[in-house]
Amino acid sequence: MTGLAMEQDRDAAQDGAAGRAGRIGEVILDLQNISLSFGGVKALTDISFDVREHEIRAIIGPNGAGKSSMLNVINGVYTPQQGRILLQGRQFARMNPRRAAEMGIARTFQNLALFKGMSVLDNIMTGRNLRMKAGVLAQALRLGPAEREEIAHREVVENIIDFLEIQAWRKTPVGRLPYGLQKRVDLGRALAMEPRILLLDEPMAGMNIEEKQDMSRYILDVNDEYGTTIVLIEHDMGVVMDISDRVVVLDYGRKIGDGTPDEVRSNPEVIRAYLGASH
Ligand SMILES: Nc1ncnc2c1ncn2[C@@H]1O[C@H](COP(=O)(O)OP(=O)(O)OP(=O)(O)O)[C@@H](O)[C@H]1O
Ligand SMILES: [Mg+2]
């Protein structure tokens, strides 16, 4: 993504899924034969799939299937015992969260990781940390360049606040907001990193239908307007089928399906896994 001011391809955005499909590019992220275990627990077994630039790629599967673990491998929180990660063709034997962030990967968390006592504005500002060049001391002393830098960062943050329509709560401590809005702030914090790839771990969990519709709209808008590639974990099948370009299905740490929503929906192994699950 080259900046939040960009409103490229707005017309393509109006075409919905068909418009997006035309914009999907080359493979940006390629996961090859990933295996991850915790002691005796095999969280992921020999998982391979790729993500193309500008697509919305969903990861679905029953509880404990390994979905969050997969995101943690992608952004370097966990190092798999086997497999390779290629980001734009470059191989990373070991990814770590800082390097992932520097390479343009941002994420939201299944359990919110916001500072509850801090305002909406300041929480989203934390997403800018990595991009702040001026040191903390310079910031504190309000030296010229640092001050200018802070103004530029604030502008990006204010644009995100407008984009997510949360102006009314800019100064409100996040802990006082309803859950659905907190999730939106968490998305804002990730967007503040201006990521090329955005990893979303159940962004709609615990939301009512209206909140889910809103969140779906914001995810589609991020994808359309900024061209951000999105990897999305979601339990709500309606949402997944509506907004994703391709879906990978995990079950007990194994990949049991991969394809368009229609292909996945008619895959017997996927149907079996879901009939046996509680949702
Ligand atoms: N840090 C960890 N230490 C030990 N085991 C872990 C750890 N993280 C995940 N696991 C185990 O790995 C397996 C996959 O867990 P993971 O959280 O990736 O599943 P999930 O698909 O995200 O599930 P959910 O839908 O409930 O969020 C589970 O058996 C889980 O208990
Ligand atoms: Mg999970």
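**Exercise 1. Find which residues of helix 8 are buried, then check the helix's length.**

Solution. Start with burial, keeping in mind that this is a predicted model. A residue is called buried here if 20 or more other C-beta atoms lie within 10 Å of its own. In helix 8, the residues that pass are Lys-183, Arg-184, Val-185, Asp-186, Leu-187, Gly-188, Arg-189, Ala-190 and Leu-191.

Now the length. Helix 8 covers residues 179-191, which is 13 residues. The expected span is 1.5 Å times one less than the number of residues, so helix 8 should span 18 Å. Its end C-alpha atoms are 18 Å apart, so the two figures agree.

**Exercise 2. Work out the strand order of the six-stranded sheet and see what packs on it.**

Solution. Go across the open sheet and you read 6-7-8-3-9-10, with mixed pairing. Next, look at the edges. Strand 6 (105-108) and strand 10 (254-259) each have a single partner strand, so one side of each is left without a neighbour in the sheet. From one strand to the next, the twist averages 15 degrees.

Zoom in on one pair: strand 3 (residues 56-60) and strand 8 (residues 229-233) run parallel and are joined by four bridges. Within that pair, Ile-56 sits opposite Ile-230 of strand 8. Then add the helix: helix 3 packs on this sheet, touching strand 3, strand 6, strand 7 (197-201), strand 8 and strand 9 (246-251). The direction of helix 3 makes about 150 degrees with that of strand 8.

**Exercise 3. Do the same for the four-stranded sheet.**

Solution. This open sheet has the order 2-1-4-5, and its pairing is antiparallel. At the edges you find strand 2 and strand 5 (90-92), each pairing on one side only. The twist here averages 20 degrees from one strand to the next.

For a closer look, take strand 4 (residues 82-87) with strand 5: three bridges hold this antiparallel pair. Ile-85 faces Phe-92 of strand 5.

**Exercise 4. Describe the shell around ligand 1.**

Solution. First, gather the residues: Phe-38, Val-41, Ala-43, Gly-61, Asn-63, Gly-64, Ala-65, Gly-66, Lys-67, Ser-68, Ser-69 and Gln-110. Second, sort them by class, which gives four nonpolar, seven polar and one charged. Third, ask where they come from. Strand 2 (41-52) and helix 3 (67-74) each supply at least two. Helix 3 gives the most, with three residues. That's the helix you met in Exercise 2, packed on the six-stranded sheet.

How values were computed: Residues numbered from 1 in each chain as written. Chains lettered and ligands numbered in written order. Predicted model: local features only at pLDDT ≥ 70, side-chain atom pairs only at ≥ 80, totals over all residues. Near = placed C-beta within 6 Å. Nonpolar A, V, L, I, M, F, W, Y, C, P; charged D, E, K, R; others polar. Pairing = 2+ DSSP bridges. Axes fitted to C-alpha atoms, helices over the stretch in contact; angles between N-to-C directions. Contact = placed C-beta atoms within 7 Å. Buried ≥ 20, exposed ≤ 12 C-beta atoms within 10 Å, placed from the backbone.
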